[in-house]
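Student: I have a structure open and a list of terms I only half understand. Can we go through what earns each label?

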Amino acid sequence: MTKRKKVALMVGARGIIGSHLIDHLVEAGEWDVVGLSRRGGVSTDRVRHIAVDLLDADQTRQKLRDLTDVTHVFYTAFQDRPTWAELVAPNLSMLVHVVEAIEPVAKGLEHVSLMQGTKVYGAHLGPFKTPARESDPPHMPPEFNVDQQQFLEARQKGQSWTWSALRPPMVCGFALGVPMNLAMVIAIYATMSKELGVPLRFPGKRGAYDNLLEVVDAGLLARATVWAATDPRCANQVFNINNGDLFRWSEMWPKIARFFELEVAPPLPMPLAVVMADKEAVWNSIVEKYGLERHSFAEVSSWRFGDGIFSADYDMIADASKARRFGFHEFVDTEEMFTRVFTDFRRRKVIP
């Protein structure tokens, strides 16, 4: 009997999570991929890119109407907005538009995977109960992650397809022009510090230097996402996913500084969105001096996101034991991950 081909609809294909998911699916060898993004991309024999504005329901329906062979939807798209409340309308609408467009035409749809995050637990609001668990009650709305999950739960009732939701902390890996990229924040900040002849100071709140936190490697998250989408045990379940270890910036920061051959000085609260606002000329000179790829300052900057992470002076950790109980046992050493990701940035000539 011929094994049925798997076809992934990757929503948010150009982001840090979506791009690593595509790499993992292609490497697995048993998937064809259709990538959706606003910018589109260069298609290959295994990956077809489609440019689409997911906020436009009619355009989404038209662009997806021929995707009859899709078996799995991996939803990683995100639209940033200035305030927490403003995130709800666009991010819920995009998911609704995708599901309402693909479900009627993809008769063999098996699964919809939703990428969430620790905002579900209120991590962006202030000190929250840690370690956070999937069974913890939601906080006072609005919260787009919760609204998205509730939509999927209601839509799935009576259907043959299932859903899963992944809740990672900060995701680390290569991607350009994305609003949430912690490793890129650190790499560009360290590169600029070295060029300007200043030590690598932790720029956040003093309390944030000593709190416990965790991150997740983009590759590990990709493997966990596909596992949850294809293992029957994970149907209609939510999973926290992280590297499996904890760290404090007070211990990790000197190790990062050594990678960039920088001295460390005591932390000094400096909003990066402010202190880096006038540094575009410095970045452009670094690109010329070291023959780097010509990525604009905007493409490599996620300063507002970095400020949010570095100002969180409370523990930011979640319990990922549920995923292990359900069968996912991979882990990544976070120090090794930072070294590998920064080395990859150098290989790609993003930093010198």
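Tutor: We will take ring pairs, charges over rings and salt bridges in turn, and keep in mind that this is a predicted model.

Student: What makes Phe78 and Phe144 an aromatic pair?

Tutor: Their ring centres lie 5.8 Å apart. The cut-off is 6.5 Å, so the two rings count as a pair. A search of the whole structure finds 24 aromatic pairs.

Student: Why is the pair of Phe78 and Phe144 called tilted?

Tutor: Look at the planes. The angle between them is 40 degrees. Stacked needs under 30 degrees and edge-to-face needs over 60. The value of 40 degrees fits neither, so the pair is tilted.

Student: How do you know that this pair ties together parts that are apart in sequence?

Tutor: Find each residue. Phe78 lies in the loop between strand 4 (72-75) and helix 3 (88-102). Phe144 belongs to helix 4 (residues 144-156). The parts are 66 residues apart in sequence, so the pair ties them together.

Student: Which label does each ring get, buried or partly exposed?

Tutor: Phe144 has a relative accessible area of 7%. Buried means under 20%, so Phe144 is buried. Phe78 has 21%. That value is not under 20% and not over 50%, so Phe78 is partly exposed.

Student: What makes the pair of Phe247 and Trp249 edge-to-face?

Tutor: The planes stand at 80 degrees. Edge-to-face needs over 60, so the label fits. The centres are 5.1 Å apart. Both Phe247 and Trp249 are buried.

Student: Why is the charge of Arg348 said to sit over the ring of Phe174?

Tutor: The charged end of Arg348 is 3.9 Å from the centre of that ring. The distance limit is 6 Å, and the direction must be within 35 degrees of the ring normal. Lys322 also has a ring beneath its charge: it lies over the face of Phe239, at 5.1 Å from the ring centre.

Student: Now the charges. What makes Glu195 and Lys289 a salt bridge?

Tutor: Nitrogen to oxygen, their side chains are 3.1 Å apart. The limit is 4 Å, so this is a salt bridge. Glu195 is in helix 5 (residues 182-196) and Lys289 in helix 9 (residues 280-290). They are 94 residues apart.

Student: Why is Lys289 called exposed?

Tutor: Its relative accessible area is 54%. Exposed means over 50%, so Lys289 qualifies. Glu195, at 26%, counts as partly exposed.

Student: How do you know that Asp217 is buried?

Tutor: Its relative accessible area is 6%, and the cut-off is 20%, so Asp217 is buried. Asp217 meets Arg340 in a salt bridge, 3.1 Å from N to O. That pair links strand 9 (residues 215-217) with helix 13 (residues 334-347). Arg340 is partly exposed, at 34%.

Student: What makes Lys5, Asp32 and Arg46 a network?

Tutor: Salt bridges link the three residues. One of them joins Arg46 and Asp32 at 3.5 Å, N to O. The limit is 4 Å, so that distance passes. The structure holds 21 salt bridges.

Key. Residues numbered from 1 in each chain as written. Predicted model: local features only at pLDDT ≥ 70, side-chain atom pairs only at ≥ 80, totals over all residues. Heavy atoms only, no water. Phe/Tyr/Trp six-rings, centres within 6.5 Å; stacked < 30°, edge-to-face > 60°. Helix = DSSP H or I, 4+ residues; strand = E, 2+ residues; numbered from the N terminus. Buried < 20%, exposed > 50% of the residue type's maximum accessible area, 1.4 Å probe, protein only.
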